[in-house]
Amino acid sequence: QVQLVESGGGLVQAGDSLRLACAASGRTFSRYTMGWFRQAPGKEREFVAAVSMSAGSTYYADSVKGRFAISRDNAKNVMYLQMNSLKPEDTAVYHCAARGEGIYDVGHYVEEYMYTYWGQGTQVTVSS
């Protein structure tokens, strides 16, 4: 089992950058595929990005591709989401999620039900 805690959210202006972090408990962090999801007010939770266990592969939603970068440090049990060129439509609660080892490429894991463990989320608000 793994517990996840997000941090790094805040209020920024359009065009600014933020880096979110997801700290994981446990000694088996490197055995989990990790992802970021977000949920805007009145909308369903949506996939943002995912990173493979070894950090060798990443996958992004089209809406953030080229602006966001997902990474992880298995030695520190932390995953990151670097968000650049933020837009008002990026405003949401950002959640990190973890799933056990899978047999598919990381780009397959883009649905909520595919993840077992979730953090409480961190609010990101981008003003225009």
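## A polar contact of H95

A polar contact is a pair of N or O atoms within 3.5 Å, and within protein one of them must be able to donate a hydrogen and the other to accept it. In this predicted model, such a contact is made by H95, whose side chain reaches the backbone oxygen of G119 at 3.2 Å.

H95 is found in strand β9, which covers residues 92-99, and with a relative accessible area of 7% H95 counts as buried, because that value falls under 20%. Apart from neighbours within four places in sequence, the residues in contact with H95 are E6, G35, W36, F37, R45, W118, G119, Q120 and G121.

## Aromatic pairs

The structure holds seven aromatic pairs. One of them is formed by F47 and Y59, a tilted pair with 6.0 Å from centre to centre and 35° between the planes; this pair links distant parts of the chain, since F47 belongs to strand β5 (residues 46-51) and Y59 to strand β6 (residues 58-60), 12 residues apart.

As for solvent accessibility, F47 is buried, with a relative accessible area of 11%, whereas Y59, at 36%, counts as partly exposed. Ring pairs also link F47 and Y59 with F37, Y115 and W118 into a cluster.

## Arginines over ring faces

R45, which is among the contacts of H95, lies over the face of W118 at 4.7 Å from the ring centre. A further arginine, R72, lies over the face of F29, at 4.4 Å from the ring centre.

Note on methods:
Residues are numbered from 1 along each chain as its sequence is written. This is a predicted model: local features need pLDDT of at least 70, side-chain atom pairs count only at pLDDT 80 or more; totals for chains, interfaces and linings use all residues. Side-chain values use heavy atoms; hydrogens and water are left out. Helices (H or I, at least four residues) and strands (E, at least two) are DSSP runs, numbered from the N terminus. Buried means under 20% relative accessible area, exposed over 50%, partly exposed in between (1.4 Å probe, protein chains only). Contact means heavy atoms within 4.5 Å. Rings of Phe, Tyr and Trp (its six-membered ring) pair if their centres lie within 6.5 Å; planes under 30 degrees apart count as stacked, over 60 as edge-to-face and the rest as tilted. A charge sits over a ring if NZ of Lys or CZ of Arg is within 6 Å of the ring centre and within 35 degrees of the ring normal.
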